[in-house]
Amino acid sequence: MVGWLLLSFGVAFGSAILPVVSIEMFLIGLCASQPTMPWLLLGAIVAAGQVGGKTLYYLAAKGTIKLPKPLHDRLHRERPPTPRRERWRARTKKMRARLDALRERCHRHPHWMAGTYGVSSVVGLPPYMATSVLAGLVRMPLATFLATGFLGRWLRFSLLAASPALFAGWFHY
């Protein structure tokens with residue numbers, strides 16, 4: 001059982017950094033094949049892995065950790081204006097203005113960001129990765145980020161871990 005818990009933590013951490021693997025599908029599959037897994041503990045382990053991985057995005061957005069030089073240079077280098085780049089800037093002007101307005105609103109009302117991030121950690125909308133980055137950009141306190149994210153993710157993943165046994169019980173009668 002310890003092996004499954006460690007694997008779950010690793011998959012959760014990895015899927016938080018590189019969201020190619022669906023941790024939700026992994027968790028449901030694991031609980032369906034291993035019905036004796038303690039679902040509350042499994043939810044906590046997966047939540048810790050997810051929040052740990054997203055903390056890297058948070059810290060990078062906050063500026064606490066620096067991106068590798070090639071990536072930093074690629075994102076922040078000055079590019080000569082081209083017609084294609086100017087068309088892109090014109091198309092995304094409204095979106096960038098909305099993002100700046102949202103960032104400013106979150107700076108003025110930090111409890112809104114905590115609420116949005118908390119809802120995102122449970123429901124997944126707005127996307128959890130996006131709210132993790134936005135939390136770093138608006139400089140949400142790390143303790144709030146970790147506590148809110150862990151509680152929300154724990155609730156989400158505990159319910160998902162319990163769902164195969166719950167549905168099996170419903171269909172058994």
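**View 1. Helix H7 (110–123) meets helix H8 (128–137).** On the H7 side sit Met113, Thr116, Tyr117, Ser120 and Ser121, and they touch Tyr128, Thr131, Ser132, Leu134 and Ala135 of H8, where contact means heavy atoms within 4.5 Å. By class, that is 5 nonpolar and 5 polar residues, with no charged ones (Ala, Val, Leu, Ile, Met, Phe, Trp, Tyr, Cys and Pro count as nonpolar, Asp, Glu, Lys and Arg as charged, and the others, Gly among them, as polar). Bear in mind that this is a predicted model, in which local features need pLDDT of at least 70 and side-chain atom pairs count only at pLDDT 80 or more, while totals for chains, interfaces and linings use all residues. Residues are numbered from 1 along each chain as its sequence is written, and side-chain values use heavy atoms, with hydrogens and water left out.

**View 2. How H7 and H8 line up.** The two helices pack at an angle of about 155 degrees, and their axes are 9 Å apart; axes here are lines fitted to C-alpha atoms, for helices over the stretch in contact, and angles run from 0 to 180 degrees between N-to-C directions. So H7 is roughly antiparallel to H8 (under 35 degrees is roughly parallel, over 145 roughly antiparallel, 65 to 115 roughly perpendicular, and the rest oblique). H7 and H8 cross in a left-handed way, where left-handed means that the near helix is turned anticlockwise from the far one by less than a right angle, and right-handed means clockwise.

**View 3. The loop from H7 into H8, with proline 126.** Proline 126 belongs to the loop that links these two helices. Check the bond leading into proline 126: from leucine 125 to proline 126 the peptide is cis, with omega near -5 degrees. As a reminder, most peptide bonds are trans, and most residues other than glycine have a negative phi.

**View 4. Helix H8 and its surroundings.** Within H8, Tyr128, Thr131, Ser132, Leu134, Ala135 and Gly136 are the buried residues (buried is under 20% relative accessible area, exposed over 50%, partly exposed in between, with a 1.4 Å probe and protein chains only). Alanine 130, also in H8, is partly exposed at a relative accessible area of 43%. From alanine 130 to tyrosine 58 there are 72 residues along the sequence, but in space the C-alpha to C-alpha distance is 9.7 Å.

**View 5. Arginine 139, just past H8.** Arginine 139 comes after H8, in the loop that runs to helix H9 (142–172). Its backbone is the thing to look at here: phi of arginine 139 is near 60 degrees, a positive value in a residue other than glycine.

**View 6. Helix H6 (residues 93–108) against H7.** H6 and H7 pack at about 110 degrees, with axes 4 Å apart. That puts H6 roughly perpendicular to H7. Arg105, Cys106, His107 and Arg108 are the H6 residues in the contact, and Pro110, Trp112 and Met113 are their partners in H7. Sorted by class, the H6 and H7 contact holds 4 nonpolar, 1 polar and 2 charged residues.

**View 7. Helix H2 (residues 23–33) alongside helix H3 (residues 39–62).** The packing angle is about 160 degrees, and the axes of H2 and H3 are 12 Å apart. H2 and H3 are therefore roughly antiparallel to each other, and H2 passes H3 in a right-handed crossing. From H2, the contact draws on Ile23, Leu27, Leu30 and Cys31, and from H3 on Leu42, Val46 and Gln50. Of these H2 and H3 residues, 6 are nonpolar, 1 is polar and no residue is charged.

**View 8. Glycine 3 in helix H1 (residues 2–17).** Glycine 3 is partly exposed, with a relative accessible area of 48%. Its C-alpha lies 28 Å from that of valine 123, and the two are 120 residues apart in sequence.

**View 9. Zooming out to the chain as a whole.** The protein chain has 9 helices and 0 strands (DSSP runs numbered from the N terminus, H or I of at least four residues for helices and E of at least two for strands). The C-alpha trace spans about 65 × 35 × 30 Å along its principal axes. Of the 173 residues in the chain, 29% are buried. Among contacts with a separation of 6 or more, 75% are between residues 24 or more positions apart. The accessible surface comes to about 11100 Å², and 70% of it belongs to carbon and sulfur atoms; the areas come from the Shrake-Rupley method with a 1.4 Å probe, and for residues only the protein chains shown count as cover.
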